[in-house]
Amino acid sequence: MKQIKLDNKFVTPSKVVCIGRNYVEHIKELDNEQPDAPVIFVKPNSAISDHLSAGDSNTDGHHYEAELCLLISNKQISAVGFGLDLTKRELQTQLKTKGLPWERAKAFDGAAVFSDFTSFSGDINHLSIKLFINNQLIQHGSVKQMIFPPNACLSDISSFMTLYDNDIIMTGTPKGVGEIEVGSTFKGQVLEGERVIIEAKWLVATL
């Protein structure tokens, strides 16, 4: 089973639960409809990685989506991290057009890339994320911009699915998504107010 690091110790999430369409500007960016309830899909433990890959550009390269990520303990949010939800966008579009599930485009091996996680007991409404690619700020989003804030997502997921200790919720991505290019440098940050509490860096490789 794949693991992530929490406060310098390794833990094993059973699954990653993802929230789609949670920022208005990103919904507009992909020409989607704004949902009345959280859009939820699941990535398996096998999707977890600390390696950022561009995929195969000759078929369907990977697209990045930067997200604030929440670690669950005792059915509550106990820690936070930075994550990249990788998507095979062309395949996802084909599947959506046919009314089929997204797993082939969202749940493949390596499709959930995470920083370390840190325990958090502050006001979650003060959190935000930033993604820099090649030292340029590309994505920036805050909890206050979310259609469904973290506790609402937790409540909705828990209404029909058991969240075990160390499961992860990915809370959706702000505008600015795009294709990953080999050789690019990615830097992700989680901020509490103006203070960076988590930072991670990746150099993009091929598969």
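Here are three short exercises on the structure above, each with a worked solution.

This is a predicted model, where local features need pLDDT of at least 70 and side-chain atom pairs count only at pLDDT 80 or more, while totals for chains, interfaces and linings use all residues. Residues are numbered from 1 along each chain as its sequence is written, and side-chain values use heavy atoms, with hydrogens and water left out.

**Exercise 1.** Work out how the radius of gyration of the protein chain agrees with that of a compact globule.

*Solution.* Start with the rule: 2.2 Å times the number of residues to the power 0.38, with the radius taken over C-alpha atoms. For 207 residues that puts a compact globule near 17 Å, and the chain has 16 Å, so the two agree. Next, the box: the C-alpha atoms fill roughly 45 × 35 × 35 Å along the principal axes. Finally, burial: 52% of the 207 residues are buried (buried is under 20% relative accessible area, exposed over 50%, partly exposed in between, with a 1.4 Å probe and protein chains only).

**Exercise 2.** In the open sheet of four strands, which strands stand at the edges?

*Solution.* First, get the strands: they are DSSP runs of E, at least two residues long, and helices are runs of H or I, at least four, both numbered from the N terminus. Two strands pair if DSSP finds at least two bridges between them. Now read off the order, β13-β12-β16-β17, with antiparallel pairing. β13 (136–142) and β17 (195–203) are the edge strands; each has a single partner, so one side of each lacks a neighbour in the sheet. To zoom in on one pairing, β16 (residues 185–192) meets β17 over eight bridges, and G188 has A200 as its bridge partner in β17.

**Exercise 3.** Which parts of the chain do the salt bridges of D167 and D85 link?

*Solution.* Set the cut-off: a side-chain nitrogen of Lys or Arg within 4 Å of a carboxyl oxygen of Asp or Glu. That rule gives seven salt bridges. Take D167 and K15, whose closest N and O atoms are 2.6 Å apart. D167 sits in the loop between α4 (150–158) and β14 (168–170), K15 in strand β3 (residues 15–20), and 152 residues separate the two. Both D167 and K15 are buried.

Then D85 and K106, at 2.9 Å between the closest N and O atoms. D85 is in β9 (residues 76–85) and K106 in helix α3 (residues 103–106), so this pair ties together parts 21 residues apart in sequence. D85 and K106 also belong to a salt-bridge network with K43, E65 and R89.
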